[in-house]
Amino acid sequence: MANEHYFSANPSSETRARQVHVTLAGKPLTLTTAAGVFSPDGVDRGTRVLLGSVPPPASSGALLDVGCGWGPIAITMALESPDAHVWGVDVNERVLGLARDNAAAAGTANVTVGLPSEIPADLRFRTIWSNPPIRVGKDELHEILLTWIPRLEIGGDAWLVVSKDLGGDSLQRWLGDTLGAGFRVARATTDKGFRVIRVHRVAEDTAAAE
């Protein structure tokens, strides 16, 4: 990754696939990562904080992992909610291939991953989990979150993990100011320098919430 970011659409670096041993939803797994992707050596600290602090995802319906990478969050959701359909979205073609292979290796046939344009436009999600790509820059990050969080079902929750040092508190304030009265934004927990932010949808729109 020396001269490219893990959010590059088509990494040009040599793939250099490697196996990693991880435990997701209590299940030991051997999965595959590669160069040119985020956290190629295993599950990163922020994702571990997220997975260790959120309640179980909805047991059915559509669930979403925003910025799925090589798949640890999506696979965890799928293992915990086998009757749900988990969608993973990313812009990096290399990680999408890895995530598909890893979902198959984990036995999670209820996972579908793809580019943003490949996620059905009419889908609404009961649960969103995300370790969002903070380093893409503020404007692009905001665009990503405003693309997906408003697609929560009423009563649904989005859970985001963000490093305090990379703007977790300011992101929480921005979400609260921007999403409007149809959403409730709060810090769920702090662990190892990471904020876990909960966004709960309470109404269809601002007017409905008033």
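In the hairpin formed by β1 and β2, two residues lie between the strands, and A25 adopts a positive phi near 50°. The model described here is predicted. The two strands of this hairpin, β1 (residues 18–24) and β2, run antiparallel and are joined by seven bridges. Among the paired positions, T23 has P28 in β2 as its bridge partner, and R18 is partnered by T33 in β2.

Beyond the hairpin, the loop between β2 (27–33) and α1 (45–53) contains S39. The relative accessible area of S39 is 17%. Because residues under 20% count as buried, S39 is assigned to the buried class. When residues up to four places away in sequence are set aside, S39 touches D44 and W70.

Helix α1 includes L50. This residue has a relative accessibility of 0% and is therefore buried. Leaving out residues up to four places away in sequence, the contacts of L50 are with I73, W129, S130, W159, L160, V161 and V196. L50 also illustrates how positions separated in sequence can be brought together in the fold: L50 and T189 are 139 residues apart along the chain, while their C-alpha atoms are 9.5 Å apart in space.

An open sheet is built from seven strands, arranged in the order β5-β4-β3-β6-β7-β9-β8, with mixed pairing. The edge positions are taken by β5 (111–114) and β8 (183–191). Each of these two strands has a single partner, so one side of each is left without a neighbour in the sheet. From one strand to the next, the twist averages 15°. Within this sheet, β3 (residues 61–66) and β4 (residues 84–89) are paired in the parallel sense over six bridges. In this pairing, L64 stands opposite W87 of β4. In a regular strand, side chains alternate between the two faces of the sheet.

Helix α2 lies across four strands of the sheet, namely β3, β4, β5 and β6 (125–130). Relative to β6, α2 runs at about 140°. Helix α2 (residues 72–80) is largely enclosed by the rest of the structure, because seven of its nine residues are buried. The buried residues of α2 are P72, I73, A74, I75, T76, M77 and A78. One of these, I73, is also among the residues touched by L50, which places a contact between α1 and α2.

A further helix pair is formed by α4 (residues 138–148) and α5 (residues 168–179), whose axes come within 12 Å and cross at roughly 50°. The two helices are therefore oblique to each other. The crossing of α4 past α5 is right-handed. On the α4 side, the contact involves L141, H142, L145 and L146, which meet L171, W174, L175, T178 and L179 of α5. By class, the residues in this contact comprise seven nonpolar and two polar residues, with no charged residues.

Terms used: Residues numbered from 1 in each chain as written. Predicted model: local features only at pLDDT ≥ 70, side-chain atom pairs only at ≥ 80, totals over all residues. Heavy atoms only, no water. Buried < 20%, exposed > 50% of the residue type's maximum accessible area, 1.4 Å probe, protein only. Contact = heavy atoms within 4.5 Å. Pairing = 2+ DSSP bridges. Axes fitted to C-alpha atoms, helices over the stretch in contact; angles between N-to-C directions. Parallel < 35°, antiparallel > 145°, perpendicular 65-115°, else oblique. Left-handed = near helix turned anticlockwise from the far one by under 90°. Nonpolar A, V, L, I, M, F, W, Y, C, P; charged D, E, K, R; others polar.
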